[in-house]
Amino acid sequence: MKTIFENFINGLKKQPPGRLITLGFATVIILGALILLLPVSVRDGVTVRPIDALFTSTSAVCVTGLIAIDTADHFTPFGQGVVAALIQIGGLGVTSVGVGFMLAIKKRVSIKTRVMVSEALNVNSYKGIVKLIKAVLLTTLCFEGAGAVLSFIVFVQDYPPVHALGISIFHSIAAFNNSGFDILGGLQNLIPYRDNVLLNMITCILIIFGGLGFLVIRDIISNRRFKKLMLHSKIVITTTAVLLVVGTLLLKATEDVTWLGAFFHSVSARTAGFSTYPIGSFTNAGLFVLCVLMFIGASPGSTGGGIKTTTFFVLLQEARAMFNKKQVGAFRRAISRGTVASASIITLLSMSVVCVGSFLLCVMDPQYSFMQVLFEVVSAFGTVGLSTGITPDLCDGSKLVIILIMFIGRLGAVTLLSMWIDHPEPRAHFTEETVSIG
C-alpha cells in the first residue's frame, strides 16, 4: 500500500501545472459535495440529492452562485459554513490556499508549487510568489473583514445579532469572491434590500475590487497614480470603468429599474451574480446586455470568470489597428502579437463552449426559451450566478452540463485544453501562403 501511494505521489509530481490545478479543483469539489450530503450539513425534513450537492459544491468552488436548491433552506449553519469555505477556496484558488497553509506551518514552498501558483494567478514569473501570496491573503482578509462589519450594520436591523453576524460574514466572502450565494432563504437573493444604498454600495465595492485582480490592487496600493501603473492595470481599470458605465446606461434604458438597480446589476453581471430585481422579469434586451457583460467577465488573476476584460480590450485594439493600419497597443505601449493571438483563441474557445452548452440544454430542456437557456449557459461559463429562475427545475442531464460549464469557466478553456496537449515545438515549418478573410 505504501509503495502504491508513493508511486501515486511521484506520478503527480511529474504532471504539468495546468493538470495539477485542474485535479486540485476537482478534488475539492467532490469532497465538498460529500460533506454537504452528511446529515450534519442538511436541515431536518429536507432531502438533498447527490446531483444537487455536486451542483452546489461546483457552483461554490467555481465561485458562480447558480443554485439548484436554496442554501439557507436546505443546509444547516454547518453546511452553510462549508459552502462559505468552498467559496473562499475557489476564489483564492486551491494552490494559493495550499501555499498559505504551508506558510502557516512554516513549510518550504517548492519551485514547482511556485510555478503552479504563478500559472493560477496569471503571473509571468514565479519569483516573489510567496510574497505575493501573503499580500493576497492579507488583502482578502482586509476587504472581507471590512465588508462583514459594514454589512452587519444592515443585517442586524432585521436579524438577531448572532444570525446577522453569520449572514454578514457569508455575504462578504461571497461578494468579494464574486459568488452570488446568499443565505437569506426563499431564493430571494438581495431583492428585499434593493433600496438599501449602504448594502448595495458595500456589495458593489467588494465585487469590483474582487474582480479587478490581486495584481491590480497591489499595483494601485504601491503606485497610487494612474500614470505610474502597469499597462495591465491601466487596461483593467479603464475597461472595467467603461463596462460599468455602459452597462448601467443600457440597463436603465431597457428595464424598469432605478439608477441604483441598474448600476448594481451592471456590477453584479461582471461575474458576481447577486440581484436586487427578479432577473426573470427582465426584457430580452436587458438579458442580452447582461449576457454580454457576463461573457466578458472580470480580470485576470481575480476571483471572477469570463473571457476577462484584458482579452476584450486587446480584441478591440486589434480591430482598431486593422482599420488604422497601426501597431496594436494602448497607453503608448505596444501589445505583442502573441497576446493578440491568445485573446483570439480564448474568445473562440469560450464561444464554442457557450454554443455547445446552449445546444445541449435546448435539446434536454426544450420547454425553455432560447434566451433563458443562453442566459443560463453564459452565466455558468462566466461564473456569474445570475439566472432567470430555471436552474432548480433543469433536468439532471442539464445540471451536469451546467456543472461542467462552470468548471470550464473557472479554470479556463485554454487551461483544460492544455491538460491533453503537450507537444514539443516542431523544428520544421511549412511555407506561408495568404488566405482571403472576410
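**Figure 1. His171 in helix H9 of the predicted model.** In this predicted model, His171 lies in helix H9, which spans residues 161–176. His171 counts as buried because its relative accessibility is 4%, and buried means under 20% relative accessible area. Leaving aside residues up to four places away in sequence, His171 touches Ser151, Phe155, Leu190, Leu199, Thr203 and Phe274. One of these contacts, Phe274, reappears in the view of the largest nonpolar core, where Phe274 is among the residues that touch the most other members.

**Figure 2. Helix H13 and the helices that cover it.** Of the 10 residues of H13, 8 are buried, so this helix is largely enclosed by the rest of the structure. The buried residues of H13 are Leu260, Gly261, Ala262, Phe264, His265, Ser266, Val267 and Ser268. What covers them includes helix H10 (197–212), together with H12 and H14.

**Figure 3. Thr271, a residue with positive phi in the loop after H13.** Thr271 is found in the loop between helix H13 (259–268) and helix H14 (284–296). Although Thr271 is not a glycine, its phi is positive, at about 85 degrees. With a relative accessible area of 0%, Thr271 is buried.

**Figure 4. Arg224, a residue with positive phi in the loop between H11 and H12.** The loop that holds Arg224 runs between helix H11 (214–223) and helix H12 (231–254). Phi of Arg224 is near 70 degrees, which is a positive value in a residue other than glycine. Is Arg224 buried or exposed? Arg224 is exposed, since its relative accessible area is 73%, and the cut-off for exposed is over 50%.

**Figure 5. The largest nonpolar core and the surroundings of Met294.** The largest nonpolar core holds 96 residues, of which Ile87, Phe274, Met294, Phe375, Ile402 and Met406 touch the most other members. Apart from this core lies another, of 6 residues, which include Val314, Ala321, Val328 and Ala343. Within the larger set, Met294 offers a useful centre for the view: not counting residues up to four places away in sequence, Met294 touches Ala269, Gly306, Phe375, Val378, Ser379, Gly382, Val384 and Leu386.

**Figure 6. A nonpolar surface patch that includes Met364 of helix H16.** Val356, Phe359, Leu360, Val363 and Met364 make a nonpolar surface patch of about 440 Å². Met364 has its place in helix H16, which covers residues 337–364. With a relative accessible area of 32%, Met364 is partly exposed, because that class lies between the 20% and 50% limits.

**Figure 7. Cys142 and Cys362 in a structure without disulfides.** How many disulfides does the structure hold? The structure holds 0 disulfides. Of the two cysteines in this view, Cys142 counts as partly exposed at 49% relative accessibility, and Cys362 also counts as partly exposed, at 28% relative accessibility.

**Figure 8. The protein chain as context for the close-up views.** The protein chain has 19 helices and 2 strands, and 51% of its 438 residues are buried. Among contacts in the chain with a separation of 6 or more, 69% are between residues 24 or more positions apart. The exposed area of the protein chain is about 21200 Å², of which carbon and sulfur atoms supply 67%.

Notes. Residues are numbered from 1 along each chain as its sequence is written. This is a predicted model: local features need pLDDT of at least 70, side-chain atom pairs count only at pLDDT 80 or more; totals for chains, interfaces and linings use all residues. Side-chain values use heavy atoms; hydrogens and water are left out. A nonpolar core is a set of buried Ala, Val, Leu, Ile, Met, Phe, Trp, Tyr and Cys residues joined through side-chain atoms within 4.5 Å. Buried means under 20% relative accessible area, exposed over 50%, partly exposed in between (1.4 Å probe, protein chains only). Contact means heavy atoms within 4.5 Å. Patches are made of residues with over 30% relative accessible area and no salt bridge: like charges are joined within 9 Å, nonpolar side chains (Val, Leu, Ile, Met, Phe, Trp, Tyr) within 5 Å. Accessible areas come from the Shrake-Rupley method with a 1.4 Å probe; for residues, only the protein chains shown count as cover. A salt bridge is a side-chain nitrogen of Lys or Arg within 4 Å of a carboxyl oxygen of Asp or Glu. Helices (H or I, at least four residues) and strands (E, at least two) are DSSP runs, numbered from the N terminus. A disulfide is a pair of cysteine sulfur atoms within 2.5 Å.
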